[in-house]
Every structure is written in C-alpha cells, then in structure tokens.
Amino acid sequence: AAFDDCLRRMFTKWGAFCVRNPTCIIFFSLAFITVCSSGLVFVQVTTNPVELWSAPHSQARLEKEYFDKHFGPFFRTEQLIIQAPNTSVHIYEPYPAGADVPFGPPLNKEILHQVLDLQIAIESITASYNNETVTLQDICVAPLSPYNKNCTIMSVLNYFQNSHAVLDSQVGDDFYIYADYHTHFLYCVRAPASLNDTSLLHGPCLGTFGGPVFPWLVLGGYDDQNYNNATALVITFPVNNYYNDTERLQRAWAWEKEFISFVKNYKNPNLTISFTAERSIEDELNRESNSDVFTVIISYVVMFLYISLALGHIQSCSRLLVDSKISLGIAGIL
C-alpha cells in the first residue's frame, strides 16, 4: 500500500508538472525524439527476398552461395501467363485420316498471332540507365552468343521461329490442307529438340536461340500430356543476374521496370495477361514499406493529439477541484 501511495504521489506530481509546463514538456519531448531518431539517417532498408527470408549461415543460403560461385547466379525471370477467355475450343481434323484433335482457346491461330505481336513488342522494349539505352538483347540469356545472339525466350511461338510467316505456312491444294501449324505443333510437343518436322512442313522445332522449348514450360492447363488442350500460354524471358556487379544489375532493373510498365498498360480484349518480373517482390516490399510509413505517422499524430486533449481535460478538472476546495474553505470560515 505504501509503495502504491508513493507511485501515486510521484505520478500525480509529474502529471501536475506536465500540465503546468506544456511548452517546456513538448519542446524537450520533441528534442528527445529527434535525438533518438537520428540513427534513421543511416538505416538501410533490406528488400532483397534472399536477405530477408534466409539467415546468412543457413544451409540453403550456403548452398546458394556455392552454386553462385561455381556456376554463376541463377538467371532472373520475366514471365507472362496468357489466356484467351473470349475464344472457344476448336477441332482439328487431320488429313487423310486420324482422330479429331481438340485445341485449347490460346492455340487458336489468330490468338497466337496476337500473342506473337505482344512477344515481339516486349523484345523491342528499351530502358534508360545513366543516359544509356538498355534493351533485352543487352541483358538476356543468349547461350550460343556470339555465334547466335538470339535471346532465350521460352514460348510456344518458338516452335514457329517467332515468325508470323512460319505460323501461317501450310501445305495443301485446292481441296485439302495436308499440314499446317496444327501438325507442326503436335510434332514439336513430342520432339521439341527436332531439327526437322517429318510432316510436310519440314520446319525445325528448336527455338531461335538454339535450344529446345519443352512444352510443359510454355503451356498450362493441359491434362496429362495432351498439350493441345492447354488453356494458357506461358512466356518466360530469362535475364542474366549480376549479384556482384551493381552497375549491370541496375541496367537489368531499369529494363524490368519498363517491362512492368508496358505490360500494365497493354490492352487487348482477346487476351487476359498475368505477369511477374524478378524485381516484382522487391517492388512490392518497397511499396508496402512506404505505405506503412504514413500509417505509422498518422497513428502517432492521432495519439499525440489524444494525449494533449486528455491532459488539457485533466488540467481543467484539477482547476475546478481547486476552486471548489477554496470555496468550501471560505464557506467554513464564514
């Protein structure tokens, strides 16, 4: 009880002092907060997911560092997932014989042409960094460079050499079409490393970058291995990673920023596009961090105003109590 009375008297005196000297208390409180917050000038915000979500000496981190040291950092990925919600399934009828083959909505030829236009437009994106132009060619993975400088693009359109003309090519006469993009697609999903389509088209299945395009990496929504039933196309642009080269890493960041801006503003009523870039997670962390700053500031301002008003109310009540005691004392004397 004695300890409680001591605390009550101490805080009563402190509260009374604060009420009688608000200017002094506010000034020294702000000065104290400023001194305590001065270290924020030297704060470095970490947004790299690897740094945030793995301990420096964890097994996963050690294995990643070993891989990066001996094989180079794993590439960055820019990816699109494309659907064609306004297009229906169509049936391909092989000639001269064979069972009908259904083809999913995104494998409609007109849709493929539109997706190819999008892919070519993304390849043409340019960014600026330190007054220099950065293109996909400057940062992409080109495994056969310098002999073949084509960027690696994991896309079903690479079965057609990323060409509108090849996509439209067909063999037939006035009565029948014996081979077209349907036959080439069905052949390539079975033999993606083939150099020669054994159907009448005789086109390669290898991508323009010189490597195979595996169907399970560029198609989605199929059942079992019936890739012709796919309901989505997946396009991936691998980009070189530069963990230890800040200058080159910033060039990749600059291009990825333009990539995100381009896809966000891309309009095509026949396509539904979902996308991600390597920097997307860090961008989201930055966005969340910046939005949280305003929330914290507003909460502290509201708290400060509440306390200020509460102290003013206590001051008014205390004055009323003192005035009442004085009145009662005078009345007692009289």
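The pLDDT is the predictor's confidence in each residue, on a scale from 0 to 100. The structure described here is a predicted model, and its mean pLDDT is 86, with 93% of residues reaching 70 or more. Among the elements of the protein, helix 5 has the highest mean pLDDT, at 97, whereas helix 11, residues 280–333, has the lowest, at 66. Over residues 325–334 the pLDDT stays under 50, and the model has 0 contacts beyond four places in sequence for this segment. Where pLDDT is low, the predicted coordinates should not be read in detail.

The secondary structure comprises 11 helices and 10 strands. The C-alpha trace spans about 125 × 45 × 45 Å along its principal axes. The radius of gyration is 34 Å, while a compact globule of 334 residues would have a value near 20 Å. Buried residues account for 32% of the 334 residues. Of the contacts with a separation of 6 or more, 64% are made by residues 24 or more positions apart.

In soluble globular proteins, nonpolar side chains tend to be buried together. In the present model, the largest nonpolar core contains 53 residues, and those with the most contacts inside it are L80, I122, V156, F185, L219, W255 and F259. Two or more residues of this core come from each of several elements, including strand 1 (76–83), helix 5 (109–123), helix 8 (181–190), strand 9 (232–239) and helix 10 (246–265). Beyond its neighbours within four places in sequence, L219 is in contact with L107, V156, F185, V189, Y227, A230, A232, L233 and V234.

Helix 10 has 20 residues, which at 1.5 Å a residue should span 28 Å; the end C-alpha atoms are 29 Å apart, in agreement with that expectation. The buried residues of helix 10 include W255 and F259, both also listed among the residues with the most contacts inside the core. Also buried in helix 10 are R251 and E256, together with L249, A252, W253, A254, I260 and V263.

An open sheet of 4 strands is arranged in the order 8-9-1-10, with antiparallel pairing. Strand 8 (219–220) and strand 10 (272–276) lie at the edges and have a single partner strand each, so one side of each is left without a neighbour in the sheet. Strand 1 and strand 10 are joined in the antiparallel sense by 5 bridges. The bridge partner of L80 in strand 10 is F275, and L80 is one of the residues with the most contacts inside the largest nonpolar core.

A further antiparallel pair is formed by strand 4 and strand 5 (residues 132–135), which are joined by 4 bridges. In this pair, T126 stands opposite T135 of strand 5. The hairpin has 2 residues between the strands, and N130 takes a positive phi near 55°. Strand 4 presents two faces: A127 and Y129 form the covered face, and T126 and S128 the uncovered one. Strand 4 also gives two or more residues to the largest nonpolar core.

Outside these elements, A99 is located in the loop between strand 2 (90–92) and strand 3. A relative accessible area over 50% counts as exposed; A99 is exposed because its relative accessible area is 62%. Although A99 and V115 are 16 residues apart along the chain, their C-alpha atoms are separated by 28 Å.

How values were computed:
Residues numbered from 1 in each chain as written. Predicted model: local features only at pLDDT ≥ 70, side-chain atom pairs only at ≥ 80, totals over all residues. Heavy atoms only, no water. Core = buried A, V, L, I, M, F, W, Y, C linked by side-chain atoms within 4.5 Å. Buried < 20%, exposed > 50% of the residue type's maximum accessible area, 1.4 Å probe, protein only. Contact = heavy atoms within 4.5 Å. Pairing = 2+ DSSP bridges. Expected span 1.5 Å × (residues − 1). Rg over C-alpha atoms; globule rule 2.2 N^0.38 Å.
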